[in-house]
Amino acid sequence: MQGFEYYTPTKVVFGKDTENRAGELVKEQKGTKVLVHYGTGSVKRSGLLDRVLASLDKEGIPHVELGGAVPNPRLSLVYQGIELCKKEGVDFILAVGGGSAIDSAKAIAYGVRDDGDVWDFYAKIRVPQDALPVGVVLTLAATGSEMSNSSVITNEDGWLKRGCNCDLSRPRFAIMNPELTYTLPEYQTMSGCVDIMMHTLERWFSHEKDTELTDYLAEGVLKTVMHQAKVLLTDPENYEARSEVFWAGSLSHNGLTGCGRAGDWACHQLEHELGGMFDVTHGAGLAAVWGSWARYVYKSDVARFAKLAVDVLGVPYDYADPERTVLEGIEAMEAFFRSIHMPVSISELGVELTDDQIEELAYKCSHMDKRTIGGVQQLDRNDMAEIYRMAR
Ligand code: NZQ
Ligand code: ZN
């Protein structure tokens with residue numbers, strides 16, 4: 001097991017009606033003027049925004065609102081949010097929504113406490129030194145942003161989607177009422193389930209040995225999500241299933257399922273470029289590239305891929321031919337993705353990649369040929385292009 005740091009400062013308040021405690025929790029964090037930041041309308045339609053604002057009013061906490069965080073949230077709105085916060089003297093940001101609203105809120109939080117261009121943090125030119133505190137009312141089980149130190153922003157100038165990881169942005173609290181997720185379209189629910197699985201798998205695939213507890217935790221997250229996703233296909237208002245998936249989402253990305261492991265993260269990097277260029281839904285994009293990535297790299301760690309096949313996917317171990325076990329495991333994972341109506345190729349995402357676009361994706365993903373990605377196997381720009389080609 002590798003040495004590690006595990007830091008999860010987020011207070012989780014989980015259960016029915018918990019959104020009505022937003023004001024109390026902001027007060028606990030000493031917020032005196034709040035920016036309520038949200039997406040493109042779902043929180044208005046559901047009445048959630050009104051309940052959250054009423055809860056702030058009840059505590060006598062003044063607030064301003066900014067909606068419009070789209071999936072793959074944009075830098076231009078972040079700039080608007082920073083300006084608004086500075087003008088209004090905001091000292092706490094409350095994100096109400098999914099990963100996009102939360103990530104946009106985190107970026108605004110960095111920008112308010114910085115005099116330069118917030119994009120520098122995403123372009124890896126500078127590291128954030130300070131941030132406003134952020135709280136979350138979560139409406140989608142997927143990104144784990146409610147407990148993570150990550151945020152991912154898309155710069156419209158060049159359509160670059162880039163992440164910034166920094167503990168300053170870990171939310172102070174996350175309000176999680178599973179009932180808030182009942183209104184999700186099936187596609188978003190299932191994309192979320194894939195994202196949760198992928199946060200777990202990205203940590204699973206690297207070469208460290210002897211991480212027994214971490215492996216069991218990871219397997220638990222994977223099996224729970226795979227089981228409950230199927231339940232939600234036919235019974236989307238199943239409270240228990242929604243609860244399990246909601247909590248799995250947080251645990252999948254707060255670091256717990258990766259303690260002692262270096263992780264891989266290649267699929268996320270490959271997907272982020274697809275998201276930046278084609279605005280695809282993050283989880284669906286991950287499902288579309290995972291199988292091709294797995295087939296490209298599995299020879300670098302047959303034992304680890306076989307463990308996934310046997311322990312998680314129920315594939316019998318083939319002692320005579322372990323690679324067969326691996327390939328059956330990859331097929332089983334893709335069959336699962338199909339069974340929850342997720343794509344297993346980029347064309348199934350509705351994107352028909354040209355050869356030039358593949359080269360552009362690989363160029364951008366390699367940060368203009370300046371980096372490699374991956375843990376189980378390091379991938380350079382040519383490898384990336386080959387995986388996009390296989391996944392096309
Ligand atoms: O914009 P609104 O109207 O709210 O609609 C959203 C959006 O259309 C809708 N939605 C959310 N909750 C709903 C709902 N509709 C009905 N009922 C509800 N309860 O769902 C759509 C998707 O929302 P979004 O927030 O974009 O989804 P998600 O949570 O999957 O976030 C995706 C973004 O997070 C990034 C992704 O790359 C992507 O940009 N990620 C962030 C991470 C992090 N910060 O730790 C890690 C992830 O790996 C990921 O990269
Ligand atoms: Zn993700």
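Analyst: Welcome! Before we start, one term: a polar contact is a pair of N or O atoms within 3.5 Å. Please also keep in mind that this model is predicted.

User: How far is a polar side-chain atom of T139 from a nitrogen atom of ligand 1?

Analyst: The cut-off for a polar contact is 3.5 Å between N or O atoms. T139 brings a polar side-chain atom, and its partner in ligand 1 is a nitrogen atom. The pair falls within the cut-off, at a distance of 2.8 Å.

User: Which residue has a polar side-chain atom 2.8 Å from an oxygen atom of ligand 1?

Analyst: Two histidines are worth a look here. H253 places a polar side-chain atom 3.3 Å from an oxygen atom of the ligand. The residue that does so at 2.8 Å is H268.

User: What share of the exposed area of ligand 1 does the protein bury?

Analyst: On its own, ligand 1 exposes 950 Å². Of that area, the protein buries 91%.

User: Which elements give two or more residues to the shell around ligand 1?

Analyst: In total, 32 residues surround the ligand, and S42, G99, S100, D103 and K161 are the closest. Domain 1 (11–181) and domain 2 (186–391) each supply at least three residues of this shell. The elements giving two or more are α5 (99–112), β6 (150–155), α7 (186–204) and α10 (266–278).

User: How many residues in the shell around ligand 1 are polar?

Analyst: The shell can be sorted into three classes. Nonpolar residues number 8 and charged ones 3. The polar count is 21.

User: How many disulfides does a search of the whole structure find?

Analyst: A disulfide is a covalent bond between the sulfur atoms of two cysteines. The sulfur of C259 has its closest cysteine sulfur in C166, 19 Å away, which is too far for a bond. C365 is in a similar position, because its closest cysteine sulfur, in C267, is 10 Å off and also too far. Across the whole structure, the number found is 0.

User: Is C365 buried or exposed?

Analyst: Buried means under 20% relative accessible area. C365 has a relative accessible area of 0%, so C365 is buried.

User: Where is K124, a residue with phi near 60°?

Analyst: Most residues other than glycine have a negative phi. K124 has a positive value, near 60°. Its relative accessibility is 56%, so K124 counts as exposed. Its place is in the loop between α6 (119–122) and β5 (134–138).

Technical notes
Residues numbered from 1 in each chain as written. Chains lettered and ligands numbered in written order. Predicted model: local features only at pLDDT ≥ 70, side-chain atom pairs only at ≥ 80, totals over all residues. Heavy atoms only, no water. Near = heavy atom within 4 Å. Polar contact = N/O pair within 3.5 Å; in protein donor to acceptor, adjacent residues only side chain to side chain. Areas by Shrake-Rupley, 256 points an atom, 1.4 Å probe, with all protein chains shown as cover. Helix = DSSP H or I, 4+ residues; strand = E, 2+ residues; numbered from the N terminus. Nonpolar A, V, L, I, M, F, W, Y, C, P; charged D, E, K, R; others polar. Domains from an automatic or database assignment. Disulfide = S-S within 2.5 Å. Buried < 20%, exposed > 50% of the residue type's maximum accessible area, 1.4 Å probe, protein only.
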